[in-house]
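Thanks for sharing this one. Here are a few notes to read alongside the coordinates, with the cysteines up front and a backbone detail to follow.

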Amino acid sequence: QVQLVESGGGLVQAGGSLRLSCAGSGRTFSSYAMGWFRQAPGKEREFVAAINRSGGATYYVDSVKGRCTISRDNAKNTVYLQMNGLKPEDTAVYLCAAGSRRYWRPDEYDYWGQGTQVTVSS
């Protein structure tokens with residue numbers, strides 16, 4: 001069982017940067033692959049990035065490649081999403097999740113945080 005809490009969201013101008021953090025509970029954190037998803041009002045949840053258990057493999061949706069970096073520190077039970085060159089279309093609630101097998105599918109994740117709001121102004 002994992003509990004996840006996101007932080008680091010906020011309001012930023014286009015072209016700015018944010019680093020999101022997702023803190024997981026307990027000693028089982030490293031047993032899970034981790035993913036970041038985002039959801040804007042009225043839209044489906046969208047895969048953003050994922051990282052395997054060891055941190056040695058990462059995956060990104062095409063729209064954020066080159067702008068975002070996912071990483072994890074298992075000793076701190078934390079996964080990060082560094083976002084640079086933010087665009088208004090990046091505005092959404094960003095959620096972290098644990099337990100993926102097929103990283104791009106939300107239904108493959110077992111645990112979810114509550115999300116952190118990212119708003120990018122033009």
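1. The link between Cys 22 and Cys 96 is right-handed, with 55 degrees about the S-S bond. Please keep in mind that this is a predicted model, so the geometry here is computed from predicted coordinates. The S to S distance of this disulfide is 1.9 Å, which falls within the 2.5 Å cut-off for a pair of cysteine sulfur atoms.

2. What does this bond hold together? Cys 22 sits in strand β3 (residues 18-24) and Cys 96 in strand β9 (residues 92-98), so the disulfide ties together parts that are 74 residues apart in sequence. Both partners, Cys 22 and Cys 96, are buried.

3. How many disulfides are there by the distance rule? The count comes to 1.

4. Why does Cys 68 not form a bond? The closest cysteine sulfur to that of Cys 68 belongs to Cys 96, and because the two are 15 Å apart, they are too far for a bond. As for its surroundings, Cys 68 has 7% relative accessibility and therefore counts as buried.

5. One backbone detail is worth a look while you have the model open. Asn 77 is not a glycine, yet its phi is positive, at about 55 degrees. This residue belongs to the loop between β7 (68-73) and β8 (78-83). Is Asn 77 buried or exposed? Its relative accessible area is 16%, so Asn 77 is buried, given that the cut-off for buried is under 20%.

Methods: Residues numbered from 1 in each chain as written. Predicted model: local features only at pLDDT ≥ 70, side-chain atom pairs only at ≥ 80, totals over all residues. Heavy atoms only, no water. Helix = DSSP H or I, 4+ residues; strand = E, 2+ residues; numbered from the N terminus. Buried < 20%, exposed > 50% of the residue type's maximum accessible area, 1.4 Å probe, protein only.
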